[in-house]
Amino acid sequence: MSDVSFDEEPQYTPVHSYASAPSQNSKVPFLVRMGVVKTQRSAEIVLLSMAVVAIIAAIFVFIQTTSARKLPPPPPTTVIVR
């Protein structure tokens, strides 16, 4: 197995560093254009607040749907003795 060799030229792809590139959320300019906010900072606060509200709503729905529900008691059984 160690005697395997390939005759292809190595192909290098550029590595993009996304951590160093400034990130621009596409919703921030939308909120500014719509007149909801005036600055990028306030748009970020609005988006963060919406995310927090969505997470709280999801937790509430999850708790409501998975909580232990009381099942109705079974119908009484009648025993006929002869």
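The protein exposes about 8600 Å², and carbon and sulfur atoms supply 65% of this area. These values come from a predicted model. Of the 82 residues of the protein, 6% count as buried. The secondary structure comprises 2 helices and 0 strands.

**Nonpolar core**

The largest nonpolar core consists of 5 residues, namely Val-28, Leu-31, Val-37, Ala-43 and Leu-47. Two or more residues of this core are given by each of the elements α1 (27-33) and α2. Within the core, Ala-43 touches Val-28, Leu-31 and Val-37, residues up to four places away in sequence being left out of the count.

**Surface patch**

A nonpolar patch on the surface is formed by Ile-55, Ile-59, Phe-62 and Ile-63, which together have about 410 Å² of accessible area. One of these residues, Ile-59, lies in helix α2, which spans residues 40-66. Ile-59 has a relative accessible area of 46%; it is therefore classed as partly exposed, since this class lies between the 20% limit for buried and the 50% limit for exposed residues.

The accessible areas are collected below.

| Item | Value |
|---|---|
| Protein, exposed area | about 8600 Å² |
| Patch of Ile-55, Ile-59, Phe-62 and Ile-63, accessible area together | about 410 Å² |
| Ile-59, relative accessible area | 46% |

Conventions:
Residues numbered from 1 in each chain as written. Predicted model: local features only at pLDDT ≥ 70, side-chain atom pairs only at ≥ 80, totals over all residues. Heavy atoms only, no water. Patch = residues over 30% accessible without salt bridge, like charges linked within 9 Å, V, L, I, M, F, W, Y side chains within 5 Å. Areas by Shrake-Rupley, 256 points an atom, 1.4 Å probe, with all protein chains shown as cover. Salt bridge = Lys/Arg side-chain N within 4 Å of Asp/Glu carboxyl O. Helix = DSSP H or I, 4+ residues; strand = E, 2+ residues; numbered from the N terminus. Buried < 20%, exposed > 50% of the residue type's maximum accessible area, 1.4 Å probe, protein only. Core = buried A, V, L, I, M, F, W, Y, C linked by side-chain atoms within 4.5 Å. Contact = heavy atoms within 4.5 Å.
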